[in-house]
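Student: I would like to go through this model residue by residue. Please show it first, and then I will ask.

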Amino acid sequence: MSAWTPLLPVAMVGTDRQPGPCPEWPGDIGALVARATQAADVADSPAGQVLRAMAVIATCEAAGTQDRAWSASPLQAAADDRLPVVPERLDGVAGSGSLRALLRWALTDAPGRLQQQVFADLAAAGLRLPEMLLPLALDVGRRAVALRGPLLPVLGERGLWLARQREDWHYAAGAGGEAPGETQWTDGTLEQRRAFLARERATDAAAGRRRFESAMTELAAKERADLAAQLAVRLGMDDEPLLDRLRADRSREVRDVALDLLLRLPDAAHPRRAIERIAPLLRPERQLLRQQWAIDAPEAAAPDWAADQVVAARPTSEKLGERAWWLHQLVRQVPLDWWTTTTAMTPAELLGWAARTDWADALKRGWFDALAATRDVAWCEAFLDASQITGAGSDPAQAQAQVNVPLQMHQAAQALNWLPQARRERHWLRHLQQGALPLSALIAAASGGETLGAALSTALTDQLLTRARAGTLKDDYAVRAMLADFGAVVHADSLPAYASLADIRAADETAAHAEQLQAVAQTAALRRALLALRHAPGQALPPDPIPRTS
C-alpha cells in the first residue's frame, strides 16, 4: 500500500464532501504527521490538516528515494515562537471573512503601501504571520527593500529560521530575538546595519560614531553615505571632526551628506567659514525710510574655496553664469537661520526680495539646497507659496518667475514632501477645493505616505463617490488604478464610505474595473480587520465603523 492511500478519498472529493479526522499513519512518520496536523493554527481547518499531511508524506517519500546516505548535519530546529499567530477569522468585523485569505491576497496582489500597513498593524497588535504565508512574505521582502524593515518583526522565529535556508531570503537572517545585536551589524544587510546604527546613536551617540568611524574605510560609497546619514540621530558638535573628514570623501554622495549635517550645526567651523564668505557680499541700503538689502556675486574665485568643496570651474551644462554659479555654491553652505536673523526678513520676504535682485536664481537654488538639509517648515511653506504663479502680467519680476515655472514646480513638490503630514494635507485639501490639480495627481501624492487625516480622507472619498455615482469613475483609468493604494492610507472613519465604492456598479463596466472594485472591497475588509486587531488584541471587537486608532 502506498503512503498516499489514506489520503486518496479526501483528496479526490475535498474536505467539504469527505468530513472527518485526518488519516493516520503508523510509526515515526505517523507521529510527524500528527504533530504537523494538530498545530494550533490548523487544528480547526480540515483543509489545512490535509495539506500539512501531504507536505509531510511528500518530504518523507523524497527522502526515502535518495540513492546515498545523508551525510550533512541535521538542521537546527527553529526557536519557539513567543508571538501568537494571526487568527483565522475575526467575528464582528464587516466583510473580513477569512483574515488569512485576505492576508494571502495582500501578499500576492496588494500594492506595496498596503503591505507595509499590514506588517505595521500586525506588529502593533503583537502578532506574527501564519507559517503557510511565510514564503510569500519573504518573497515580498526580497522584491521590495523598503518593506523589509516593517516585515521583520512579524516573521516570527519560524520565518527567520526559514530565511536562513534560502540565499535570496538571507536579508532577514540573523534578525531574530535570540540573535545577538552585534550579529546584525557584522553580518546583517545594509538595511539591518542602518537600523542598528540608528538605534545605537539614539542610546549612545558617541558609541555609534566610533562604530561608523572604525568601519567606514571598509565600506562601499553607497554604504558610507547611507550609514553616515544615521549620524543625524542625536547630532552634536562632537560629530564635527568626523563630518569634516567626510567632506573630503572621494564619493560626492558622502560629501553631500556631510555638508547637509554640518548645516544643522551652525556653530561648526565650516558653516562659520561659509558665513564669513557671504557676509561681505550682502550690504544694507536705505530706501524710502526703510532698510533694504543688496547682494553682489563674487568677482573672482578665492584660493581657499576648494578646501570647502566650492568648485571654481563652472560645468558646461550649468545654466547659471560664472559669478552666479559661485554665489549659488556659497549660499548653499550658509545656514538658513543666518539669513532671517541678519536681514530681519521672513523666508517668504527673502524669496520676494531675491526675485528683485540680479541673482535671483543663484539665491533661490542655494537656499533650496540648504533647505534639503534642514527641512525648515517656514522655508518649505515659503517655497510652496512662491510657486503659486498664475500669470506673468506686467511685473518684470513675475514675468521672469514665469519663465522658471518648471523649476519652481519641482521645488514646490520637494518642499511639500518635506513638510509634516498635517501641513502637507492642508495644501492637498486646498488644491482639491480649488480644482488646481487633477484628482489622480492628489491621490497619487497622498497614497504613498502616512495614514491621512480625517478631513482630507473625507474630501477625497467624497470625490471618488461622486464620480462613481455619476458613472465617470469607470472611465478615469488613472484614478481607478490607484483605488487600492488610496485604501491603504484612508482614515479609519472613511473606511465604510470607501468600501461602498465597491457597491456602485455600472452596467457597462469592464472586467478590469470589476477587478479593481473587488480590490477595494478586500482592501477595506483587511484594513478594518487589522484596525480591530490593533484596537484590542484578544478582546471584544469594537462595532463598525472602527474609530481612528492613530
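Student: Is glutamine 192 buried or exposed?
Tutor: First, a word on the basis: this is a predicted model, where local features need pLDDT of at least 70, side-chain atom pairs count only at pLDDT 80 or more, and totals for chains, interfaces and linings use all residues. Residues are numbered from 1 along each chain as its sequence is written, and side-chain values use heavy atoms, with hydrogens and water left out. Buried means under 20% relative accessible area, exposed over 50%, partly exposed in between (1.4 Å probe, protein chains only). Glutamine 192 has 5% relative accessibility, so it counts as buried.

Student: Where is glutamine 192, and how many Å separate it from leucine 152?
Tutor: Glutamine 192 belongs to helix α10 (residues 190-203). Helices (H or I, at least four residues) and strands (E, at least two) are DSSP runs, numbered from the N terminus. Leucine 152 is 40 residues away in sequence, and the C-alpha to C-alpha distance is 10.0 Å.

Student: Which residues form a nonpolar patch on the surface with Met12?
Tutor: Methionine 12 sits in helix α1 (residues 8-13). It counts as exposed because its relative accessibility is 70%. Patches take residues with over 30% relative accessible area and no salt bridge; like charges are joined within 9 Å, nonpolar side chains (Val, Leu, Ile, Met, Phe, Trp, Tyr) within 5 Å. About 310 Å² of accessible area (Shrake-Rupley method, 1.4 Å probe, only the protein chains shown counting as cover for residues) belongs to the patch of Met12 together with Leu8 and Val13.

Student: Is proline 298 buried or exposed?
Tutor: Proline 298 lies in the loop between β2 (290-295) and α16 (322-332). Alanine 324 is 26 residues away in sequence and 8.2 Å away in space, C-alpha to C-alpha. With a relative accessible area of 7%, proline 298 is buried.

Student: Which residue meets arginine 82 in a salt bridge?
Tutor: A salt bridge is a side-chain nitrogen of Lys or Arg within 4 Å of a carboxyl oxygen of Asp or Glu, and the structure holds 34 of them. In this one, N to O is 3.5 Å, and the partner of arginine 82 is glutamate 157.

Student: Why does that pair tie together parts that are 75 residues apart in sequence?
Tutor: Arginine 82 is in the loop between α3 (46-64) and α4 (99-109), so its bridge reaches from there to glutamate 157 in helix α8 (residues 156-163). Arginine 82 is exposed at 59%. Glutamate 157 has 11% relative accessibility and counts as buried.

Student: Which side chain meets arginine 467 in a salt bridge?
Tutor: Arginine 467 counts as partly exposed at 25% relative accessibility. Its partner is buried, with a relative accessible area of 19%. The two meet at 2.8 Å, N to O, and the partner is aspartate 476.

Student: Which residues are linked in a network of salt bridges?
Tutor: The network takes in both arginines and aspartates. Its members are Arg247, Arg273, Arg277, Asp244, Asp304 and Asp308.

Student: At what angle do the axes of α24 and α25 cross?
Tutor: Axes are lines fitted to C-alpha atoms, for helices over the stretch in contact, and angles run from 0 to 180 degrees between N-to-C directions. The axes of α24 (residues 439-446) and α25 (residues 454-470) come within 11 Å, and they cross at roughly 140°.

Student: What does that angle make α24 relative to α25?
Tutor: Angles under 35 degrees count as roughly parallel, over 145 as roughly antiparallel, 65 to 115 as roughly perpendicular and the rest as oblique. Therefore α24 is, relative to α25, oblique.
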